[in-house]
Amino acid sequence: MKMTDIATRVRERVKQQRRQLVSRSEQLRAQGQVMLANAGDRFLRTSELALSEQTAFDVLHDNGLVRLRHYRPLRESTVTAGSAQVEVAREQHRVPVVIVPPLAVNMNIYDLFPERSLVKYLLARGFDVYLIDWGTPTTRHSHYNLHTYIVDFMPDFIAHVRRHAGVRELSLHGWSIGGVISLGYAAHSRDPDIRNLVILGSPIHSHASGALGRMYQQLSRQAAWVRRNTGFRVHNLNPRLLHTPGWVNALSFKMLSPVNSLLGYWELLTNLDDREFVINHATNGAFLDHMVAYPGGIIQDMIIRIWIDNDLASGCMRIGDQLAYLSSVKASVLAMAGKSDTMVTADAVRPLLELVGGGDNRFEEISGGHM
């Protein structure tokens, strides 16, 4: 082979490699621009990316903090629920569902994704759906306690639901503290027209809740010693001192599964060029990163009376200066616990069926953790 031919081939090879390098450089530059744009949107414009709360609703009542939502009937004929297609029911059930959320969470958890939406699924199944949005408490709401939510707020909002729906009978769906509030309302008011109670992940026998339960048993013994020997009670404190900001609640929920929380951000970094992944991460983040404050009075009642003193395990709930008994609850009860819930285990929920006064009761374990 002539030297000129070798030189020509070398030049062609160099040109080819140069073109490949330029092409790869352009690809990397474009990918980098996409990643930077996605990162900017994810961390600076999360609310614009999030897919949550797309189901239309009207606000029927607003007391300045708490709002009552009513979700409008669906216009489509089918909706996606997970990987399944669900046909929208043509006829509506007579008894509406009132969702009673826990405190500290924001409401988009109930309408998180278009294909993962509790409110949309209930609408598709023919239910008239209402939701009590507890709003965003500030330090001026620090004195709000279980009495505030169960005795002051719940009767007012239940009355507005009934006026709007034109029926008396209602079903209440309460998750976590929302279940405690629902049970407290039914027991305290003895409302004969609460037909069904769906109680999901609510601490009934908190001392039976795995490792957390054992910790609360120890705290209960220590708290009893302090009361006997000093007379001090947490309820003697100004509730403003116990007011818990939203960012603390967000961090606490993430610490329920710290490894998964860290892995979520690592996966985000490795998938910044995937717009769909970034949008899904932003939607989950819109819920997990924006928890709501706990009023100090709720901290006093929930931590002391529900978790440490374990009042509900005896079938009794102290609401202010009054006692409410779960045996007064005559509604049918469906109690559920997550199989991987380490915060409120199945053993902490199951005893409810022996404490309520109705007869058509059922307990089920379902997949998932507390969140």
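This short talk goes through the pockets, one cavity, one helix and several single residues of a predicted model.

Good morning. I shall begin with the open spaces in the structure.

The largest pocket has a volume of about 1,600 Å³. Its lining is made up of 50 residues. Nearest the centre of this pocket lie Ile 109, Leu 112, Arg 116, Phe 287 and Met 371. Several elements each give two or more residues to that lining, among them strand S3 (78-81), strand S9 (170-175) and strand S13 (332-338). Helices take part as well, including H3 (118-124), H7 (246-254), H8 (258-270) and H9 (275-288). Which element gives the largest share of the lining of the largest pocket? That element is H9, with seven residues. Sorted by class, the lining of the largest pocket holds 22 nonpolar, 20 polar and eight charged residues.

The second largest pocket has a volume of about 480 Å³. It is lined by 21 residues, and those nearest its centre are Tyr 216, Tyr 294, Ile 303, Trp 307 and Met 343. Three helices give two or more residues to this lining, namely H6 (210-230), H7 and H10 (296-308). H10 gives the most, with five residues. How do the lining residues of the second largest pocket divide by class? There are 17 nonpolar and four polar residues, and no charged ones. Please note that H7 appears in the lists for both pockets.

Next comes the enclosed space. The structure holds one cavity of 30 Å³ or more, and about 40 Å³ of space lies in the largest cavity. The residues that line this cavity include Pro 102, Leu 103, Ala 104, Val 105 and Met 107. Also in its lining are Trp 134, Gly 135 and Pro 137, together with Val 292 and Ala 293. Nine of the lining residues are nonpolar, one is polar and none is charged.

I now return to H10, the helix that gives the most to the lining of the second largest pocket. Is H10 mostly covered or mostly open? It is mostly covered, with twelve of its 13 residues buried. Among the buried ones are Gly 296, Gly 297, Gln 300, Asp 301, Arg 305 and Trp 307. The elements that cover these buried residues include H4, helix H5 (177-189), H6 and strand S11 (316-319). After H10 comes Asn 310, whose phi is positive, near 60 degrees.

Trp 307 leads us to a single residue, Ser 209, with which Trp 307 is in contact. Ser 209 is located in the loop between strand S10 (194-200) and H6. Why is Ser 209 classed as buried? Its relative accessible area is 0%, and buried means under 20%. The side chain of Ser 209 reaches the backbone nitrogen of Thr 345 at 3.1 Å. Beyond its sequence neighbours, Ser 209 is also in contact with Thr 342, Met 343, Val 344, Thr 345 and Ala 348. Met 343 was named earlier, as one of the residues nearest the centre of the second largest pocket.

A second serine, Ser 171, lies in strand S9. Ser 171 is buried, with a relative accessible area of 10%. Its side chain makes a polar contact with the side chain of Asn 196, at 2.8 Å. Apart from residues up to four places away in sequence, Ser 171 touches Val 95, Pro 96, Val 97, Val 98 and Asn 196. Between Ser 171 and Asp 289 there are 30 Å in space, C-alpha to C-alpha, and the two are 118 residues apart in sequence.

Two further residues may be set side by side. Thr 148, in helix H4 (residues 146-165), is buried, with a relative accessible area of 9%. Away from its sequence neighbours, Thr 148 touches His 143 and Phe 153. Gly 231 lies in the loop between H6 and H7. Is Gly 231 buried or partly exposed? Gly 231 is partly exposed, because its relative accessible area is 36%. Outside its neighbours within four places in sequence, Gly 231 is in contact with Val 226 and Asn 236.

I close with an annotation. In an unreviewed entry, UniProt lists residues 98-212 as "domain: AB hydrolase-1". In this model, the end C-alpha atoms of that span lie 30 Å apart. The span is 37% helix and 23% strand.

Thank you for your attention.

How values were computed. Residues numbered from 1 in each chain as written. Predicted model: local features only at pLDDT ≥ 70, side-chain atom pairs only at ≥ 80, totals over all residues. Heavy atoms only, no water. 1 Å grid on protein atoms, 1.4 Å probe; cavity = no way out; pocket = protein on both sides within 12 Å on 5 of 7 lines; lining within 4 Å. Points joined across faces, edges and corners; volume = space filled by probe spheres on them. Helix = DSSP H or I, 4+ residues; strand = E, 2+ residues; numbered from the N terminus. Nonpolar A, V, L, I, M, F, W, Y, C, P; charged D, E, K, R; others polar. Buried < 20%, exposed > 50% of the residue type's maximum accessible area, 1.4 Å probe, protein only. Contact = heavy atoms within 4.5 Å. Polar contact = N/O pair within 3.5 Å; in protein donor to acceptor, adjacent residues only side chain to side chain. UniProt positions renumbered as here; feature names shortened; annotations may be inferred.
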